[in-house]
Amino acid sequence: MSSPDTATLLEEAADRIADISRADLQIMLRRAALRLRNAGTVSMEDDVEDALRDLAGELGKTRNDTIRFIVREWMEKNTYLPVHALDEDGDVDGTA
């Protein structure tokens, strides 16, 4: 049996906030802070950040979603991931 993750512990503590000890709450908050601190973003050179910001604006996505999109597209085009196949009779809305 696995132990609950930090998010689950925090949600359970929020549900029973009057019953949880201050020490337990401090431990959970410190774990959450540590996880957030260690989940840092990928940093890029200034010119790449500018291009990424512009592309994210064009696509209407966040920076992280744009990075995920770019990596997925690159991996599909270089056959590291399977390409989403379109069947010949499928509707493509005027584009191929």
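Start by selecting Thr66. Setting aside neighbours within four places in sequence, Thr66 is in contact with Leu52, Leu55, Ala56, Leu59 and Lys61. Show those side chains too. Thr66 belongs to helix H4. Is Thr66 buried or exposed? Thr66 is buried, because its relative accessible area is 0% and buried means under 20%.

**Step back to the whole chain**

Zoom out now. This is a predicted model. Colour the protein by confidence. The average pLDDT is 83, and 82% of the residues score at least 70. Among the elements, helix H3 (residues 46-59) has the highest confidence, at a mean of 95. The lowest is in helix H1 (residues 6-15), at 84.

Switch to a cartoon view. You will find four helices and zero strands. Along the sequence, the pattern reads α-α-α-α.

Next, turn on the surface. The protein exposes about 8500 Å². Carbon and sulfur atoms supply 54% of that area. How many of the 96 residues count as buried? The share is 11%, and Thr66, with its relative accessible area of 0%, is buried.

Now consider the contacts with a sequence separation of 6 or more. Residues 24 or more positions apart account for 8% of these in the protein.

**Select H3 and H4**

Return to the surroundings of Thr66. Hide everything but residues 46-59, which form H3, and residues 63-77, which form H4. Two packed helices are described by the angle between their axes and the distance between the axes. For H3 and H4, the angle is about 95 degrees. Their axes are 9 Å apart. H3 and H4 are therefore roughly perpendicular to each other, since the range for that word is 65 to 115 degrees.

Which residues meet here? On the H3 side, pick Glu49, Leu52, Leu55, Ala56 and Leu59. On the H4 side, pick Arg63, Thr66, Ile67, Phe69 and Ile70. Thr66 appears again, in this H4 group.

**Select Val42**

Move to the loop between H2 and H3, where Val42 sits. Val42 is partly exposed, with a relative accessible area of 49%. Leave aside its neighbours within four places in sequence. Val42 is then in contact with Glu49 and Arg63. You have just picked both: Glu49 in H3 and Arg63 in H4.

Add Asn64 and draw a distance from C-alpha to C-alpha. Val42 and Asn64 are 8.9 Å apart in space. In sequence, 22 residues separate the pair.

**Select H1 and H2**

Go to the other helix pair. Select H1 together with helix H2, residues 22-38. Their axes come within 10 Å and cross at roughly 140 degrees. H1 and H2 are therefore oblique to each other. The contact uses Thr6, Leu9, Leu10 and Ala13 of H1. From H2 come Met28, Leu29, Arg31, Ala32 and Arg35. Look at the handedness as well: the crossing of H1 and H2 is left-handed.

**Last stop: Thr79**

Follow the chain past helix H4 (63-77). Thr79 lies in the segment after it. Check the backbone there. Most residues other than glycine have a negative phi. What is the phi of Thr79? It is near 60 degrees, a positive value in a residue other than glycine.

Finish with the surface around this residue. Thr79 is exposed, with a relative accessible area of 67%. Set it beside your starting point, Thr66, which is buried at 0%.

Conventions. Residues numbered from 1 in each chain as written. Predicted model: local features only at pLDDT ≥ 70, side-chain atom pairs only at ≥ 80, totals over all residues. Heavy atoms only, no water. pLDDT = per-residue confidence, 0-100. Helix = DSSP H or I, 4+ residues; strand = E, 2+ residues; numbered from the N terminus. Buried < 20%, exposed > 50% of the residue type's maximum accessible area, 1.4 Å probe, protein only. Contact = heavy atoms within 4.5 Å. Areas by Shrake-Rupley, 256 points an atom, 1.4 Å probe, with all protein chains shown as cover. Axes fitted to C-alpha atoms, helices over the stretch in contact; angles between N-to-C directions. Parallel < 35°, antiparallel > 145°, perpendicular 65-115°, else oblique. Left-handed = near helix turned anticlockwise from the far one by under 90°.
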